[in-house]
Amino acid sequence: PGVPRHTNRLIKEKSPYLLQHAHNPVDWYPWGQEAFDRAKKENKLIFLSVGYSTCHWCHVMEEESFKNKEIGEIMNKNFVCIKVDREERPDVDKVYMTFVQATSGGGGWPMSVWLTPDLKPFAGGTYFPPEDGVHRVGFRTVLLRIAEQWKENKNTLLESSQKILESLLHVSEIRVQGQGSPPPSKEVMATCFQQLSDSYDEDYGGFSKSPKFPTPVNLNFLFTYWALHRTTPEGAQALQMALHTLKMMAHGGIHDHISQGFHRYSTDQHWHVPHFEKMLYDQGQLAATYSRAFQISGDEFFADVAQDILLYVSRDLSDQEGGFYSAEDADSYPTTASGEKREGAFCVWAAEEIRALLPDPVEGATEGTTLGDVFMHHYGVKENGNVNPMQDPHQELKGKNVLIVRCSPELTAAQFGLELGRLGALLQEGRRRLSAARAQRPRPHLDTKMLAAWNGLMISGFAQAGAALAKQEYVSRAARAAAFLRKHLFDPTSGRLLRSCYRGKDNTVEQSAMPIQGFLEDYAFVIQALFDLYEASLEQGWLEWALQLQHMQDKLFWDPKGFAYFSSEAGDPSLLLRLKNDQDGAEPAANSVTVTNLLRAACYSGHTEWVEKAGRILAAFSERLQKIPITLPEMARATAVFHHTLKQVVICGDPQGEDTKEMLRCVHSIFSPNKVLMLADGDSAGFLYCQLPFLGSLERKDGKATAYLCSNFACSLPVTSPQELRGMLCP
């Protein structure tokens, strides 16, 4: 509190991450011409620091180094210092991360890179401690050494930076080889399944020992693999792997049992102690994945988890205008009187806190049992804390508990002599009281920036859950968010998407003075969202917008020589490389999602050249898909969709008719990875009838809602009962 001693030009930015550094004694610039011009004019090196607002080690490096006056002076004297929010500028992040990974063998954030005045990297790393230690050289030393080298050996540095750039261009290029055709789908699927099952953890689920990430792309691949191999032992195994992983995650500490939603990842094998930040892209993808798990298994457990995620997002990550915020931080003040933040402080519990909140004796249970006893037993709470010191290097969680479901409801009920129904009510009451107590704690920082791509993933989560769980309010929430994108993150005059907007003063939505144009992932995830929203709502306006955006994506990002799409558009002189992302990780790669988008777009428009484009993306990534498809599970999944051809499920009927609704409910209740749904409502002047003339020849049989299954615009015989339709969709 009080007046800050220093203020730099980041104070004029909108990004919460850049604003966090506006009072450092470092003379930070945002990425842009002003900084580049100064570096050239003064012939100074650039120090580039890239992070994001919920990144724990970014906070640590700021506290230790960027708030240190003396280190700030060294930085200001020798370098032009630039700060980048990687969520605003994934293009800049990707270029220099490619360099850091190639030269140091690892990567991560905060990313620290030194560039020549013409932006070529020559040295870099991630987090640096401020002073030299036994195993690591300190940030101060690195700064002074690099400044010295620039004075003494300028030409050598410039030459080496040129060589580095040339080799980066060479290694990062993804292009079609020779004639290039899509890889054989059967082999790609089989290899990907094999690689996933080899890395699968049979006990706890997931695909690594530790740390463990949710990676919905793996689970979606397994669902599609199951759908295409239902009757084989491998198909059954794929489904079991996916469902077991989703169950273990939902029971684990990575799932917030009190305030809902999922944390970023688990530091241990058991999904127990997480890194506590919550990211929008995880909530969006997991809501869709849990909804699919419910569709396939019929198990209400998965539907409950999906609803739990959507409750969290509706309550804590929603802007009043309809958009979704990016993230909640891991670190917060333990109490209103605390001087420093701790990781997980908002989420963890001491045993005595829980005892004090839940002292009530439980009637009908074994003598002397309190609500606290039942709750602590079920959620693995220990008197001295349940966090292994190995998972807590900074001792921030000492004596604390991260709730994790340790017993089945049956076991907990038996332990205390309770009826099962009664136990559910007791645990719910316990969670309610802990939630009220947590509401008194200082909340973690909320990153209120709104990104088109992540909003797209979240719209898909709401739309798919709305369809699969038959909940209209979720479809309406998805439509509100899509309308928000159209109003705030789309420029109707140019037809282009924008990357980001921000919550401003008085909760209004603001845009930066120089809006950031949308990247490939913004287009891919928003187009996917609009198709999902059309299938859930059958509002044709969303389809029309999706197809317009697909044309714009083709124009801005397609690589006509090497095939597939570049991540960023041409024409930005400050970007040294135009790259193609080749990994489906925490988020799927945009090219992977685009394969399915193009196939859906072709089904809704009749433009068969989009099918050819989808094949060309697969051809460009062919080698990787055949050797290590585990790095591209979403694209591997798309090879199967490409190979099996999408089936158009056409329902002819009155949108308001009960018979039409019944047919639609049937379609929504079935998981089928290669179907697209459309409603032929009889309006021959409507958008779909204009795009697809063949719809005009499909009739309602005996005046009833009628379903047709069409492929390449040739259709099956009509059916009028949901049972027959189910038979066609689940051969």
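Buried means a relative accessible area under 20%, exposed means over 50%, and partly exposed lies in between. With that in hand, here are some exercises on this predicted model.

**Exercise 1. Find the disulfides and say how many there are.**

Step 1. The cut-off is a pair of cysteine sulfur atoms within 2.5 Å.

Step 2. Try Cys 55 and Cys 58: their sulfur atoms are 2.2 Å apart, and they form a disulfide.

Step 3. Now go to Cys 710 and Cys 715, where the S to S distance is 2.1 Å and a disulfide joins the two.

Step 4. The count comes to 2 disulfides. With the bonded cysteines counted along the chain, the pattern reads 1-2, 3-4.

**Exercise 2. Work out why Cys 603 has no bond to Cys 710.**

Step 1. The closest cysteine sulfur to that of Cys 603 belongs to Cys 710.

Step 2. The distance is 9.8 Å, too far for a bond; the cut-off is 2.5 Å.

**Exercise 3. Assign a handedness to each disulfide from its S-S torsion.**

Step 1. A disulfide is a covalent bond between the sulfur atoms of two cysteines.

Step 2. For Cys 55 and Cys 58 the torsion about the S-S bond is about 85°, so this disulfide is right-handed.

Step 3. For Cys 710 and Cys 715 the torsion is about 105°, so that disulfide is right-handed.

**Exercise 4. Sort the cysteines below into buried, partly exposed or exposed.**

Step 1. Take the pair Cys 55 and Cys 58. Cys 55 has a relative accessible area of 3%, so Cys 55 is buried. Cys 58, at 4%, is buried.

Step 2. In the other pair, Cys 710 is buried at 1%, whereas Cys 715 has 32% and is partly exposed.

Step 3. Finish with Cys 192 and Cys 603. Cys 192 has a relative accessible area of 0% and is buried. Cys 603, at 8% relative accessibility, counts as buried.

**Exercise 5. Lay out the sheet that contains β13, β16 and β17, and identify its edges.**

Step 1. Write down the order: this open sheet of 3 strands runs β13-β16-β17, with antiparallel pairing.

Step 2. β13 (449-451) and β17 (509-510) each have a single partner strand, so they stand at the edges, and one side of each is left without a neighbour in the sheet.

Step 3. Follow the pairing of β13 with β16 (residues 500-503), which is antiparallel over 3 bridges. Leu 451 stands opposite Ser 500, and Lys 449 has Tyr 502 as its bridge partner.

Step 4. Continue to the pairing of β16 with β17, antiparallel over 2 bridges. Here Tyr 502 has Glu 510 in β17 as its bridge partner.

Step 5. Look at the connection: β16 and β17 form a hairpin with 5 residues between them, and Asp 506 in the turn has a positive phi of about 55°.

**Exercise 6. Describe how helices α25 and α27 are arranged.**

Step 1. The axes of α25 (residues 658-668) and α27 (residues 722-729) come within 10 Å and cross at roughly 30°.

Step 2. Angles under 35 degrees count as roughly parallel, so α25 and α27 are roughly parallel to each other.

Step 3. α25 passes α27 in a right-handed crossing.

**Exercise 7. Characterise the chain over the annotated residues 7-168.**

Step 1. An unreviewed UniProt entry lists residues 7-168 as "domain: Spermatogenesis-associated protein 20-like TRX".

Step 2. Over residues 7-168 the chain is 49% helix and 17% strand. The end C-alpha atoms are 37 Å apart.

Technical notes. Residues are numbered from 1 along each chain as its sequence is written. This is a predicted model: local features need pLDDT of at least 70, side-chain atom pairs count only at pLDDT 80 or more; totals for chains, interfaces and linings use all residues. Side-chain values use heavy atoms; hydrogens and water are left out. Two strands pair if DSSP finds at least two bridges between them. Helices (H or I, at least four residues) and strands (E, at least two) are DSSP runs, numbered from the N terminus. UniProt positions are given in the numbering used here, feature names are shortened, and annotations may be inferred rather than shown by experiment. Buried means under 20% relative accessible area, exposed over 50%, partly exposed in between (1.4 Å probe, protein chains only). Axes are lines fitted to C-alpha atoms, for helices over the stretch in contact, and angles run from 0 to 180 degrees between N-to-C directions. Angles under 35 degrees count as roughly parallel, over 145 as roughly antiparallel, 65 to 115 as roughly perpendicular and the rest as oblique. A crossing is left-handed if the near helix is turned anticlockwise from the far one by less than a right angle, and right-handed if clockwise.
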